[in-house]
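Here is a relaxed walk through one protein model. Have the coordinates open and follow along.

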Amino acid sequence: MDEQKSPVIEVTDLVQRLGREEILKSLSFQVWPGECFGVFGLRGSSKTSLLHILAGVDRYTSGNVKVLGCDIKKDQGFKKHTGLVTQVKSLFQDLKAGENLDFIANLKNAGQANVREVVSRLELEDSLRKGVNQIEPGVYQRLALACALLGSPQLLIADELIKDIDLYSRSIILREVQAFREKGGTVVCAFSNMEFYEHMSRVAWLDNGRISIYEPEAAREHWDSMVRSVAEGQGETDA
């Protein structure tokens, strides 16, 4: 990374509470241009809460968050340069796949040439006339990514982008994410399967509301150590 450039995301002392529970505890980190910044954590680690804050979907309790130079509590201008893929299905279920693309392209002021480009790159031609609730999970994720990439965003925020989908769709999505980065885009991607660590530039490990930043190999080594420790503990219990 080139630290002479400004960070795409700058988070300082971020705190998020749900009721009396503090689910994010004074997080501070930066994401640099061209990175694929992986947010790793098991279920319930508040990965989605963090991504929703970065995307401007949820407000936060305290701290400072800047995205693409915008203080997101005061300036929502970053949203027009951000693509978002949520974990929960968020496309319009009563529309066909092609109609979703056309509607979102209109919202983003993206032309039909842009629609045709993402359709081709994500190999969606055979699914455009199908209802969103009729397509396979992998095709749905390709469609969701296509919608997020309309309008040529600078930042892509994606929650569990390649979890539980067919291998062919996974390969297409990974290819397009890499192409997006090669064009100067930045990715923040939440994941819960350490198998995907190698696709990340750095791994932000969320555990008990706190964050630790690892190089990818170090994250994998830490994970393997945890797995061995649990296995050894179970062995002692069984003995």
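What follows goes from the sheet to the cores, then to the cysteines and a few loop residues.

**The sheet and its helix**

Keep in mind that this is a predicted model. Start with the open sheet of four strands, ordered S2-S1-S4-S5 and paired in the antiparallel sense. S2 (21-31) and S5 (70-71) sit at the edges with a single partner strand each, so one side of each has no neighbour in the sheet. Further in, S1 (residues 9-18) and S4 (residues 62-67) run antiparallel to each other and are joined over five bridges. If you want a landmark there, Val11 stands opposite Val65 in S4.

H1 packs on this sheet, where it touches S1, S2 and S4, and its direction makes about 55° with that of S2. Which residues of H1 are buried? In this helix (residues 47-54) they are Lys47, Leu50, Leu51, Ile53 and Leu54. Looking down the axis of H1, you'll find the buried residues within an arc of 155°, so they line one face of the helix. After H1 comes Gly56, with a positive phi near 80°.

**Two nonpolar cores**

In soluble globular proteins, nonpolar side chains tend to be buried together. Here the largest nonpolar core has 45 residues, and Val85, Leu91, Leu101, Leu143, Leu150, Leu156 and Leu161 have the most contacts inside it. Several elements supply at least two residues each, among them helices H2 (97-107), H3 (112-121), H4 (137-149) and H5 (167-182), along with strands S3 (36-40) and S7 (155-159). H4 gives the most to this core: nine residues.

Leu143 is a handy place to look. Leaving aside residues up to four places away in sequence, Leu143 touches Leu91, Ala97, Leu101, Leu124, Val132 and Ile135. There is also a second, separate core of 29 residues, and its members include Val11, Ile23, Val65 and Ala204. Val11 and Val65 are thus the sheet pair from before.

**Cysteines without a bond**

How many disulfides does the structure hold? Zero. The sulfur of Cys36 has its closest cysteine sulfur in Cys189, but the 5.6 Å between them is too far for a bond, given that a disulfide needs the sulfur atoms within 2.5 Å. Cys36 is buried at 4% relative accessibility, and Cys189 is buried too, with a relative accessible area of 8%.

**Loop residues worth a click**

Most residues other than glycine have a negative phi. Glu123, in the loop between H3 and H4, has a positive one near 55°. Asp164, in the loop between S7 and H5, also has a positive phi, about 60°, without being a glycine. Ile165 lies in the loop between S7 and H5 as well. Here is how these three loop residues sit with respect to solvent:

| Residue | Relative accessibility | Status |
|---|---|---|
| Glu123 | 31% | partly exposed |
| Asp164 | 65% | exposed |
| Ile165 | 10% | buried |

What does Ile165 touch, not counting residues up to four places away in sequence? Its contacts are Pro137, Gly138, Gln141, Arg170 and Ile173. Ile165 and Tyr140 are 25 residues apart in sequence, and their C-alpha atoms are 9.4 Å apart in space.

Note on methods:
Residues are numbered from 1 along each chain as its sequence is written. This is a predicted model: local features need pLDDT of at least 70, side-chain atom pairs count only at pLDDT 80 or more; totals for chains, interfaces and linings use all residues. Side-chain values use heavy atoms; hydrogens and water are left out. Buried means under 20% relative accessible area, exposed over 50%, partly exposed in between (1.4 Å probe, protein chains only). The arc is that of the directions from the helix axis to the C-beta atoms. A nonpolar core is a set of buried Ala, Val, Leu, Ile, Met, Phe, Trp, Tyr and Cys residues joined through side-chain atoms within 4.5 Å. Contact means heavy atoms within 4.5 Å. Two strands pair if DSSP finds at least two bridges between them. Axes are lines fitted to C-alpha atoms, for helices over the stretch in contact, and angles run from 0 to 180 degrees between N-to-C directions.
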